[in-house]
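Got the viewer open? Let's take a short walk through this one, stop by stop.

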2 protein chains.
Amino acid sequence: MADVAERAGVSVSTVSRTLRGLSTVSDEARERVEAAARELSFVISRQASSLVTGKTGTVAVLAPTLGSWFVGQVLRGLSEVLRDAGLDLMVYSVADLAERAAFFDRLPARRNADALLVVSFDLTEAEFARLDGLGVPVVYVSQHAPGRASVYVEDVAAARAGTRYLRGLGHRRIAYVRASPDSGFTCSSRTRLFGYREALAEAGLPYDEDLVVATSRGRRETSKAVGRLLCLADPPTAVFAETDEIAMEVLWVLRASGIDVPGRISVLGFDDHDHAEWLDLTTIAQPAVEVGRAAGSLAHTLIDDPATDPARHVVLPTCLIPRGTTGPALFQEPDAGEA
Amino acid sequence: MADVAERAGVSVSTVSRTLRGLSTVSDEARERVEAAARELSFVISRQASSLVTGKTGTVAVLAPTLGSWFVGQVLRGLSEVLRDAGLDLMVYSVADLAERAAFFDRLPARRNADALLVVSFDLTEAEFARLDGLGVPVVYVSQHAPGRASVYVEDVAAARAGTRYLRGLGHRRIAYVRASPDSGFTCSSRTRLFGYREALAEAGLPYDEDLVVATSRGRRETSKAVGRLLCLADPPTAVFAETDEIAMEVLWVLRASGIDVPGRISVLGFDDHDHAEWLDLTTIAQPAVEVGRAAGSLAHTLIDDPATDPARHVVLPTCLIPRGTTGPALFQEPDAGEA
DNA sequence: CTGCTGCCTGACAACGCTTGCACGCTAGAA
DNA sequence: TTCTAGCGTGCAAGCGTTGTCAGGCAGCAG
């Protein structure tokens, strides 16, 4: 910066003022500084300015995994908004419980970011407390954190609606396939399961634990989960999958074993993944990119304007998209006519 | 830090030395410092230390888009390695040419990261020059950058092999569907097209520009691209798609219009996307997560050990996985027996 | 001509950490 | 006993910015 100052024939103060766009600089000086900065291809060091301002110009996001469709979409929306706001995006992912513990132990974001976004984590009370005491705004993404800033879709209501829809098609035995709890990605898992249970109760159907199975990424696990459902004495006629990615795996296992979808089993997903349309998968659409955008701008607001309500909520809509993987239950019992 | 020092009854120097694990601290002092730091939940400010050391502890990655399958997988591998190395991961994405120009103009990574990873960018000479003068190591990921550190698969050879495979099935009219050049994701696009052309030449087949079409994300664009192929006077009997994501869209368009795959048209993809197996898509597999890991550890090496060959290359293997979307060309011409 | 008001500008003290240097101490060699 | 070596520690000088403060210089009214 001193070099730029010398070249422009001014002091470092003036360079600093110019480069930050403060108005108290004469046009002439401004011009000379900008030229000098360009010639020396000078950019200000974030580390140095953040040392004095206390702002890092960075937002950190903690996700259970990168590489899942949902997280990818959220990141897309997020980076778009943050770029416009001049903020950098730092990503942390924790794949398993050990890493998770390590993250909360070290909490590297503590002083290295102006805000932290937490994507779909089922946090313990201790972890919540740790984040509350972090000293920077935390935005909970894709999860409803009471009393804290969050951006989410109404998972419970959406899952209830999805289950009702299946019920309306005459299904009485509806399975729920969730992501394995050890994946860490269990927040929406829990809430959606809750909506599913509510809808069952509403329809007077029993909650049967045998109908709730978990799977983790990969064909083998899903085959096992589906297998468990198929060999029940009273197997399901419909499957509600926590995400489209799981639904697609289920679909594949069912088709590979010659089971007609939706003839014998209906499949309902959640997300409206890019591929859902190609596969004609009935699903509950959520605006994933928009979730990222909203989270980004909420974080931006929280950073710039400390007077903002720290418990602000943004709720985004979902909608069920009926497609070809769901159909009427074939073997309706006499009382199913209520649908 | 002064607080910690006071509480532990030592100087800040000793606190600094302790917290960085230097050995020249007595066990007794170390213990007291660690206790004090824990009680005050103190963490070192990266900004401040990087101001002194010149190291930021951060690696930046520039990608054409987040949210594509390939980038997601690379990020997964990357974050895994970087986490172990104690480095943070910062992501920048540029969606269009304007943003791209802005990025290279401002080059925010300049002093804010210890290394920059560039994922699959078809860079201009000017951009290469700009990055060369950046002052931090740059690793080119999923692209071969001559004389510069890069991690990639042999796209040309793989595409050649894939095209040969189709040729071996008797196909003479092989289309190539690429990502739209304006998406920025054009590096592998170009190299794979090159391999395709080589294989055609090798087989004595003409390169027909009508058989090369571009598409961008979304059903509509792909329908148009496939439509252009189908209404050719001499339409293709096989399609080589630049990525599995494109291949899947092509597959979907073909099936939706009642065209038998592989009966009338064979489809070959590239990536071995998670869904490729479910869709029984023949594809050229590349180890995307491994690419990310290799890139991460190369960056790590380059940062820590300046003596490393700055033009180090890591080449990872690909392999063709024959599945159900490719089959023999039906209407073989007399001389097709050579296959 | 003097005094006052504004507008720009430069000097300088932080910000929180690292690191070279010097100091004091103990221990073993001479 | 004196000298040297080595270890553990503290001091203080930065690292590259920002923000405060005072000062110089016009311009204008008195």
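What share of the contacts in chain A with a separation of 6 or more comes from residues 24 or more positions apart? Select chain A and keep in mind that you're looking at a predicted model: the answer is 72%.

Stay on chain A for the overall picture. Twelve helices and twelve strands make up its secondary structure elements. Line the view up with the principal axes, and the C-alpha atoms fill a box of roughly 90 × 40 × 35 Å. The radius of gyration is 25 Å, where a compact globule of 339 residues would have one near 20 Å. Colour by burial next: 50% of the 339 residues count as buried.

Now select DNA strand D and the 22 residues around it. Zoom in on Met1(A), Ser16(A), Ser11(B), Ser13(B) and Ala29(B), which come nearest to the strand. Both protein chains show up in this surface: helix H2 (12-19) and helix H4 (46-53) of chain A, and helix H2 (12-19) and helix H4 (46-53) of chain B, each give two or more residues. H4(A) supplies the largest share, with five residues. Colour the surface near DNA strand D by residue type and you'll find eleven nonpolar residues, ten polar and one charged.

Last stop: helix H5 of chain B, residues 69-85. From first C-alpha to last, its 17 residues reach 25 Å, close to the 24 Å expected at 1.5 Å a residue. H5(B) is mostly covered, with 13 of the 17 residues buried. Step just past the end of H5(B) to Gly86(B), where phi is positive, near 75°.

Terms used. Residues numbered from 1 in each chain as written. Chains lettered and ligands numbered in written order. Predicted model: local features only at pLDDT ≥ 70, side-chain atom pairs only at ≥ 80, totals over all residues. Near = placed C-beta within 6 Å. Helix = DSSP H or I, 4+ residues; strand = E, 2+ residues; numbered from the N terminus. Nonpolar A, V, L, I, M, F, W, Y, C, P; charged D, E, K, R; others polar. Expected span 1.5 Å × (residues − 1). Buried ≥ 20, exposed ≤ 12 C-beta atoms within 10 Å, placed from the backbone. Rg over C-alpha atoms; globule rule 2.2 N^0.38 Å. Contact = placed C-beta atoms within 7 Å.
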